[in-house]
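Ready for a few short exercises? Have the sequence and the structure open side by side, try each task on your own, and then follow the worked solution.

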Amino acid sequence: MSRIELIPTKVGDLFVEVVGSGPPVLLWHSMLVDRTQWKRMADSLAGGRTLVLVDGPGHGRSGAPPAGYTLEDCADAAGEVLTALGVDAVDWLGSAWGGHVGLVFAARHPRRCLSVVTVATPVAPLETAERVQTRVLAGVYGALGPVRPLADGVADALLTRRSKRTDPEGRRIVRDAFVRAGRVGMHRSMHAMMLRRPDIGGLLPTLTAPVLVIAGSDDRMWPPEVAARSAATVPRGCCAVVDGAHRLPALERPEAVLTHVRAFWARIGSVSSAN
């Protein structure tokens, strides 16, 4: 059984699904998709954890955020979600955007963050070519909305070539999530969370929580060697690589991601590591 909540926060009403039983873990997805990104991992994880699955502001079934909202606002909103659910502290599992929010959450709310796993989460801002592509995406989306060619382009950009050829369900999950979002909120999020994404590398040496940085072997935006260097700056940091994955390892290679996450929880003494 799942429990559904629509929780008011400083970044708007956030849609939250709670499933499973055991120690809580908060899952925050990548940009342009929603909590369905985790569907291939959720059943396995929920056997030993309580999953707090959040639709980020402007995504999924969540409301539109204010214009110009920040990662700090998202991290504080996550705290509001936990308070509303009566949860004191969580392990964090975040993909890309969700990893950014998790790292900021760990810095701003250290007593509420037991550990952080980031998946395909570059800590630097977009580079010039990526910024140009994102401006085009935001411009077309603002003018036309999630038209089919644009949704297909988003799915193609987030998945490996192999997944595009052999995993129509995965492509459909990405495309449907992009189309499902509210237009105003998604457009604001593209500007606030992509084009204005800050460099958060300076936070890493300040973190007290254990951090696992996961990179996809085929991710040119966040290649494994760069991920490893960033993880080395975290006092209790480590790095793992998922072969055959690009921007969405949790969707393309869920079992591999689960293996790394569980091994990490075991190393840090998580009470749920045996599940």
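Contact here means heavy atoms within 4.5 Å. Keep in mind as you work that this is a predicted model.

**Exercise 1. Find what Asp-152 is in contact with, leaving aside its neighbours within four places in sequence.**

Step 1. Locate the residue: Asp-152 sits in helix H5.

Step 2. Check its accessibility. Buried means under 20% relative accessible area, so Asp-152, with a relative accessible area of 17%, is buried.

Step 3. Apply the contact cut-off. Once the neighbours within four places are left aside, Asp-152 is in contact with Arg-171 and Arg-175.

**Exercise 2. Place Phe-15 in the structure and list what it touches.**

Step 1. Phe-15 belongs to strand E2, which covers residues 12–20.

Step 2. Its relative accessibility is 4%, so Phe-15 counts as buried.

Step 3. Not counting residues up to four places away in sequence, Phe-15 touches Ile-4, Glu-5 and Leu-6, then Arg-35, then Leu-53, Val-54 and Asp-55, and also Arg-61 and Ser-62.

Step 4. For a sense of scale, take Leu-203: Phe-15 is 188 residues from Leu-203 in sequence, and their C-alpha atoms are 28 Å apart in space.

**Exercise 3. Work out how many disulfides the structure holds, and look at Cys-74 and Cys-113.**

Step 1. Recall the chemistry: a disulfide is a covalent bond between the sulfur atoms of two cysteines. The cut-off for the search is a pair of cysteine sulfur atoms within 2.5 Å.

Step 2. Searching the whole structure gives 0 disulfides.

Step 3. Take Cys-74, which is in no disulfide: the nearest cysteine sulfur is that of Cys-113, 15 Å away. Cys-74 has 0% relative accessibility and therefore counts as buried.

Step 4. Cys-113 is in no disulfide either; the nearest cysteine sulfur belongs to Cys-238 and is 14 Å away. Cys-113 counts as buried because its relative accessibility is 5%.

**Exercise 4. Test whether the length of H3 agrees with its number of residues, and decide how well the helix is covered.**

Step 1. H3 has 12 residues, which should span 16 Å at 1.5 Å a residue. The end C-alpha atoms are 17 Å apart, so the two values agree.

Step 2. H3 is mostly covered, with 10 of its 12 residues buried. Among them are Trp-97, His-100, Leu-103 and Phe-105.

Step 3. The cover over these buried residues includes strands E3, E5, E6 and E7, together with helices H2 and H8.

Step 4. Look just ahead of the helix, at Ala-96 in the loop between E5 and H3. Its phi is near 50°, a positive value in a residue other than glycine. Ala-96 is buried, with a relative accessible area of 9%.

Step 5. Now try Ala-120, in the loop between E6 and H4. Ala-120 also has a positive phi, near 55°, in a residue other than glycine, and it counts as buried at 0% relative accessibility.

**Exercise 5. Sort the residues of H4 into a buried side and an exposed side.**

Step 1. H4 runs over residues 128–144, and its 17 residues reach 24 Å from the first C-alpha to the last, close to the 24 Å expected.

Step 2. Glu-130, Thr-134, Leu-137, Ala-138 and Tyr-141 are buried in H4. They lie on the same side of H4 because they cover an arc of only 95° around the axis.

Step 3. On the other side of H4, the exposed residues are Thr-128, Ala-129, Val-132, Ala-143 and Leu-144.

Step 4. Helices H5, H7 and H8 are included in what covers the buried residues of H4.

Step 5. After H4 comes Gly-145, with a positive phi near 80°.

**Exercise 6. Which helix gives the most to the lining of the largest pocket?**

Step 1. The volume of the largest pocket is about 960 Å³.

Step 2. Its lining has 35 residues, and Gln-133, Ala-157, Leu-158, Met-221 and Arg-247 lie nearest the centre.

Step 3. H3, H4, H5, H6 and H8 each supply at least two residues of the lining.

Step 4. H4 gives the most, with 7 residues.

Conventions
Residues are numbered from 1 along each chain as its sequence is written. This is a predicted model: local features need pLDDT of at least 70, side-chain atom pairs count only at pLDDT 80 or more; totals for chains, interfaces and linings use all residues. Side-chain values use heavy atoms; hydrogens and water are left out. Buried means under 20% relative accessible area, exposed over 50%, partly exposed in between (1.4 Å probe, protein chains only). Helices (H or I, at least four residues) and strands (E, at least two) are DSSP runs, numbered from the N terminus. The expected span of a helix is 1.5 Å times one less than its number of residues. The arc is that of the directions from the helix axis to the C-beta atoms. On a 1 Å grid over the protein atoms alone, a cavity is a set of points where a 1.4 Å probe fits but cannot get out, and a pocket is an open set with protein on both sides within 12 Å along at least five of seven lines; lining residues have an atom within 4 Å of a point. Grid points are joined across faces, edges and corners, and a volume is the space filled by probe spheres set on the points.
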